Amino acid sequence: MDKRKPELGVCYYPEHWPEEIWADDARRMVEMGLSWVRIAEFAWSRIEPKPGHFQFDWLDRAIKTLGDAGLNVVMCTPTATPPRWMVDKYPDMLAYDAEGRPRGFGSRRHYDFSHSGYIQECCRIAEVLGARYGRNSAVQAWQIDNEYGCHDTTLSYSPVSKSAFQLWLSEKYEDIAELNARWGNIFWSMEYDRFDQIELPNLTVTEPNPSHAMDFRRFASDAVVMFNLAQVEVLRAHTDAPLIHNYMGRITEFDHYEVGDNLDIASWDSYPLGFLEDRSDRDQDFKRQHMRCGDPDFQAFHHDIYRRVGKGRWWVMEQQPGPVNWAPHNPIPTPGMVRLWALEAFAHGAEVVCFFRWRQAPFAQEQMHAGLLLPDGTLSAGGREIQSLAEELNTMNGIGEGAPRVGLVFDYPSQWAWDVQPQDIQFDYFRLVYDIYRGLRRRNIPVDIINPNDTNIEKYATVFAPGIFSNVETLKAAAEKSQTHLVMGPRFGSRTEDFTIPRELPPQLEGIRITAVETLRDDAPLNLQSAGAIKIWWEVVETDWSVIKQTRSKDPIVLQSGYKTYWAGWPDDAALDDWLGDLFTHLEYDVSEPREKSRNYGFKTGQLAVSYLDAKADWSQVS
Ligand code: GAL
């Protein structure tokens, strides 16, 4: 089996430092064992200080210095930070928040994905950079933009966005009567005469029509896909190097699979401690216990998502080497965590792990963010750990391929659908899928994340598909054909693509009808006859499938028929552990042993697991 050597890299900002120190920085990076350096993603104002006036000398010399030292450069398009003159040129390029206010200049990501003038400017800068550096031998990869959607920037309620949405709708429906019928606009007299009367679904008196809101979410996702594709097409003409984007954790407002289909490698930015404080649903006790190591499953879940988004090829483009500056609390990682996070990424198949950033910046917004070096240029604790990690990686044989036998569907449109119509304040699609992911990890089961449109699922013995709102036919047919056990969960198949209840009642499975749905208060879970309880969501079903689990009042909850299982509720952890235990004991395969290939990471996976658990144990003792 081919094995890849795991590689390390770093994010570097030559424009932040005097030129005299670049060569020394580059030499130290190589000595530290780094082989990749990412540059220029925020450098537009230095590359083009005035419209059409370029300054390439410094960038030419920076790339040469890094390349001569033996580093591979990831060159970026700087389109996440349009310079001030750009905003003066196109004042209407700013995105608007849901309250209808323009978002200002003075930080980053201040653009609307559907502003055609700005898209042209992005193509122009990509063209200029591609022509200049596309065949430069030091430039071995390209990153387009930086963290689409970060800082809540996918959805924009600007006038520009409104016009683009109206156009998108007119192309989708062609005839306004068709739109009225499919959205059900007769309800509350919401019928339109023309596409240009349709507003964005913000600032309505009460909730907007879910069909309207869902189409807006699809439009916004398409805008990101098109924005990215525009630069892809420009760069492809100039380079054969792989094109990459760096996605951000728990950003779900656009369809990452669709963006990823146009790129060569997926990457994401992994900030375990920042995420735990800033975007995790875990309770305060859990957060306190894990404040210096992060939620162990959160990174793993994203690694597995991006392995699929990158069609097998993925990197960590940024990993925190010490405290970040942007979460409510910003602890120091426990000693060993920076190493372990990187090893965990490699164990999930990452080709490269890059750290953010080389030297801590003494100025501007991220002064409190750790780097591999302190502002005075001496090594930080994270830098020291990374140096010894590089030595350790040198002693490893390389990374082989794994072959998980369990698939878990993650579907971006389902996230949008249930954001639009949660029905319970706690219902969140990401959280539902993540709960099941965590349950599988508790059983040590390796998981592939899959797209609901994937048809090649025969390699999986079992596929879990909770909460998929619509478009379930492909998945059902693929599972049927390959006799893959399909485990469907709450809200599966419960809407049409138009966001209406299907004529054949949910979940659109022969032998099951959902006749009522109840959502549950935190303090009123539905206890089961077996272990655990149902939380947040349960469905009243009429069924002729076998009933495997039921509530204390004998309502069917887990139903089975041949290779199909349906979960008519959201299990708490105890119930999930019980259900998964049953499921995997009754099937005649061992999910922990991949069918064809075995995992070989070049080091014993057992060892990794042990050191990982050790780190967790260490920390819980400290707390
Ligand atoms: C990322 C971003 C970087 C830097 C970093 C700080 O989201 O891509 O530019 O801001 O966060 O943690």
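This passage looks at the ligand and its surroundings, then at how the chain is split into domains. The model is predicted, so local features need pLDDT of at least 70 and side-chain atom pairs pLDDT 80 or more, while totals for chains, interfaces and linings use all residues. Residues are numbered from 1 along each chain as its sequence is written, and side-chain values use heavy atoms, with hydrogens and water left out.

Around the ligand there is a shell of residues, including Phe42, Met248, Tyr271, Trp326 and His369; a residue belongs here if one of its heavy atoms lies within 4 Å. Sorted by class, that shell holds 5 nonpolar, 2 polar and 5 charged residues, with Asp, Glu, Lys and Arg counted as charged, Ala, Val, Leu, Ile, Met, Phe, Trp, Tyr, Cys and Pro as nonpolar, and the others, Gly among them, as polar.

Some of these neighbours bring a side-chain N or O atom up to a ligand oxygen: the distance is 2.6 Å for Glu147, 2.8 Å for Arg108 and 3.0 Å for Asn146. A polar contact here is a pair of N or O atoms within 3.5 Å. On its own the ligand would expose 310 Å², and the protein buries 98% of that (Shrake-Rupley method, 1.4 Å probe).

As for the chain, domain 1 covers 3-86 + 139-152 + 242-401, domain 2 covers 160-212 and domain 3 covers 406-590, with bounds from an automatic or database domain assignment.

Technical notes:
Polar contact = N/O pair within 3.5 Å; in protein donor to acceptor, adjacent residues only side chain to side chain.
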